[in-house]
Amino acid sequence: MKNIVLIGFMGSGKTSVGKSVAEKLNMSFIDLDRWIEERETMSIKEIFDRKGEEVFRKIECEAVAEVGNQKNSVIATGGGVVLNPKNLESLKETGLLIHLRVDAQTAYKRTRDHHHRPLLNVPNPLQHIEALLKQRQPFYEVVPNAVETSGRSLRDVVEDVIRIYRSAKGVR
Ligand code: S3P
């Protein structure tokens with residue numbers, strides 16, 4: 001073992017937590033969305049605008065299969081990766097899945113000043129976040145390891161992730 005794969009809704013902190021965990025454990029950090037952007041030489045927003053969400057999900061699925069070959073890495077996935085059961089199956093093969101939980105208010109606060117997320121460029125983002133989160137909750141909850149991030153510091157979340165990883169590896 002094994003990579004660490006961070007799963008969670010937009011604004012759950014996968015990128016900040018992932019970077020910090022990778023640094024502390026001397027692992028590489030891979031952001032699946034950046035991987036996709038490099039592969040497609042287009043931003044996620046442009047992919048959604050020009051090709052649509054369905055094509056994005058197909059590309060995302062291919063990228064998931066590709067990152068599976070990476071070693072000693074912390075992989076931050078996009079919030080919708082759980083929508084395709086195939087993705088979770090292949091991510092499980094490559095690393096320890098950890099779900100970063102977030103509530104709707106916190107996700108809203110953390111994302112409202114950023115405009116690169118096509119799904120949140122809507123007239124009422126908080127309402128949309130609530131609806132999407134509710135719809136996706138059952139998909140996130142299949143991940144056995146979870147860490148709450150709402151109302152918690154980055155440091156505490158990072159510590160929890162490292163503790164879960166070490167205990168899964170049988171290291172103290
Ligand atoms: C998405 C989340 C985004 C990105 C795309 C779709 C989603 O990633 O993959 O905009 O469906 O939740 P982040 O969770 O890193 O924002």
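How far does a polar side-chain atom of R117 lie from an oxygen atom of the ligand? Here are a few notes, with the answer in point 2.

1. Ground rules: this is a predicted model, where local features need pLDDT of at least 70, side-chain atom pairs count only at pLDDT 80 or more, and totals for chains, interfaces and linings use all residues. Residues are numbered from 1 along each chain as its sequence is written, and side-chain values use heavy atoms, with hydrogens and water left out.

2. The R117 atom is 2.6 Å from that ligand oxygen. K14 also has a side-chain N or O atom 2.6 Å from an oxygen of the ligand. With G79, a polar backbone atom takes part, at 2.9 Å from a ligand oxygen. The ligand on its own has 380 Å² of accessible area (Shrake-Rupley method, 1.4 Å probe), and the protein covers 95% of that.

3. Around the ligand there are 13 residues (each with a heavy atom within 4 Å of it). The closest are K14, D33, R57, R117 and R136. Sorted by class, this shell has 5 nonpolar, 5 charged and 3 polar residues, with Gly counted as polar.

4. Away from the ligand topic, take a look at the rings. There is 1 aromatic pair in the structure (ring centres within 6.5 Å). The centres of the F48 and F56 rings are 4.8 Å apart and the planes are at 40°, so this pair is tilted (stacked is under 30 degrees, edge-to-face over 60, tilted the rest). F48 and F56 are both buried (under 20% relative accessible area, 1.4 Å probe, protein chains only).

Note on methods. Phe/Tyr/Trp six-rings, centres within 6.5 Å; stacked < 30°, edge-to-face > 60°. Buried < 20%, exposed > 50% of the residue type's maximum accessible area, 1.4 Å probe, protein only. Polar contact = N/O pair within 3.5 Å; in protein donor to acceptor, adjacent residues only side chain to side chain.
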